[in-house]
Amino acid sequence: LVVLGVANPKTDEHPQNSDASVEEVKAFIDERGITYPVLMDTTGEMFSGYRILSFPTTFMIDKDGNIF
């Protein structure tokens, strides 16, 4: 089992993104002691590509890349 978090931090170029700034997301990760990797989707490409509209969203992806 691999757990990967994806954050969508706001940036100057993408102020409409869902999460706080990169620095605030990193502080949250540190404060909570989160040890799994967290991708910073600063452009919103991942959120858009996977049609993420609510939090939290969970995907199961098998070893062949099938999403369910």
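This report describes the fold, the largest pocket and selected residues of a predicted model.

## Overall architecture

The chain comprises two helices and four strands. Read from the N terminus, these elements follow the order β-β-β-α-β-α. Along the principal axes, the C-alpha atoms occupy a box of roughly 35 × 25 × 15 Å.

The chain has 68 residues, of which 21% count as buried. Its exposed surface amounts to about 5500 Å², and carbon and sulfur atoms supply 56% of that area. Among contacts between residues at least 6 apart in sequence, 49% link residues at least 24 apart.

## The largest pocket

The largest pocket has a volume of about 1000 Å³. Its lining consists of 29 residues, and those nearest the centre are Val-3, Leu-4, Gly-5, Val-6 and Thr-57. Two or more lining residues come from each of β1 (5-7), β3, α1 (22-32), β4 (38-40) and α2 (45-49). Helix α1 gives the largest share, with four residues.

In composition, the lining of this pocket divides into 24 nonpolar, three polar and two charged residues.

## Val-6 and Thr-57 at the pocket centre

Two of the residues nearest the pocket centre, Val-6 and Thr-57, can be described in further detail. Val-6 belongs to strand β1. With a relative accessible area of 32%, Val-6 is partly exposed, because that class covers values between 20% and 50%. Leaving out residues up to four places away in sequence, Val-6 touches Val-38, Leu-39, Asp-41, Met-46 and Phe-47. The C-alpha atoms of Val-6 and Tyr-36 are 10 Å apart, and the two residues are 30 positions apart along the chain.

Thr-57 is situated in the segment after α2. Its relative accessibility is 34%, so Thr-57 also counts as partly exposed. Thr-57 and Val-6 are separated by 51 residues in sequence, while their C-alpha atoms are 9.8 Å apart in space.

## Backbone features after α2

The segment after α2 also contains Pro-56 and Arg-51. The peptide bond joining Phe-55 and Pro-56 is cis, with an omega of about -15°.

Arg-51 adopts a positive phi of about 55° although it is not a glycine. Arg-51 has 71% relative accessibility and therefore counts as exposed, the threshold for that class being over 50%.

## Loop residues Ser-18 and Ile-34

Ser-18 occupies the loop between β2 (9-10) and β3 (19-21). This serine is partly exposed, its relative accessible area being 42%. When residues up to four places away in sequence are not counted, Ser-18 touches Asn-8, Lys-10, Phe-47 and Phe-55. Phe-55 is thus a contact of Ser-18 and a partner in the cis peptide bond with Pro-56. Phe-47, in turn, is touched by Ser-18 and by Val-6. From C-alpha to C-alpha, Ser-18 and Ile-52 are 10 Å apart, with their positions 34 residues apart in sequence.

Ile-34 is placed in the loop between α1 and β4. At 23% relative accessibility, Ile-34 counts as partly exposed, since the buried class requires a value under 20%. Apart from neighbours within four places in sequence, Ile-34 is in contact with Phe-28 and Ile-29. Ile-34 and Asn-8 are 26 residues apart in sequence, and their C-alpha atoms are 16 Å apart in space.

## Salt bridge

The structure contains one salt bridge. Arg-32 forms this pair with Glu-31, and the closest N and O atoms are 3.5 Å apart. The pair qualifies because the cut-off for the nitrogen-oxygen separation is 4 Å. Arg-32 and Glu-31 are both exposed. In general, side chains of opposite charge can pair when their charged atoms come close.

Key. Residues numbered from 1 in each chain as written. Predicted model: local features only at pLDDT ≥ 70, side-chain atom pairs only at ≥ 80, totals over all residues. Heavy atoms only, no water. Salt bridge = Lys/Arg side-chain N within 4 Å of Asp/Glu carboxyl O. Buried < 20%, exposed > 50% of the residue type's maximum accessible area, 1.4 Å probe, protein only. Contact = heavy atoms within 4.5 Å. 1 Å grid on protein atoms, 1.4 Å probe; cavity = no way out; pocket = protein on both sides within 12 Å on 5 of 7 lines; lining within 4 Å. Points joined across faces, edges and corners; volume = space filled by probe spheres on them. Nonpolar A, V, L, I, M, F, W, Y, C, P; charged D, E, K, R; others polar. Areas by Shrake-Rupley, 256 points an atom, 1.4 Å probe, with all protein chains shown as cover.
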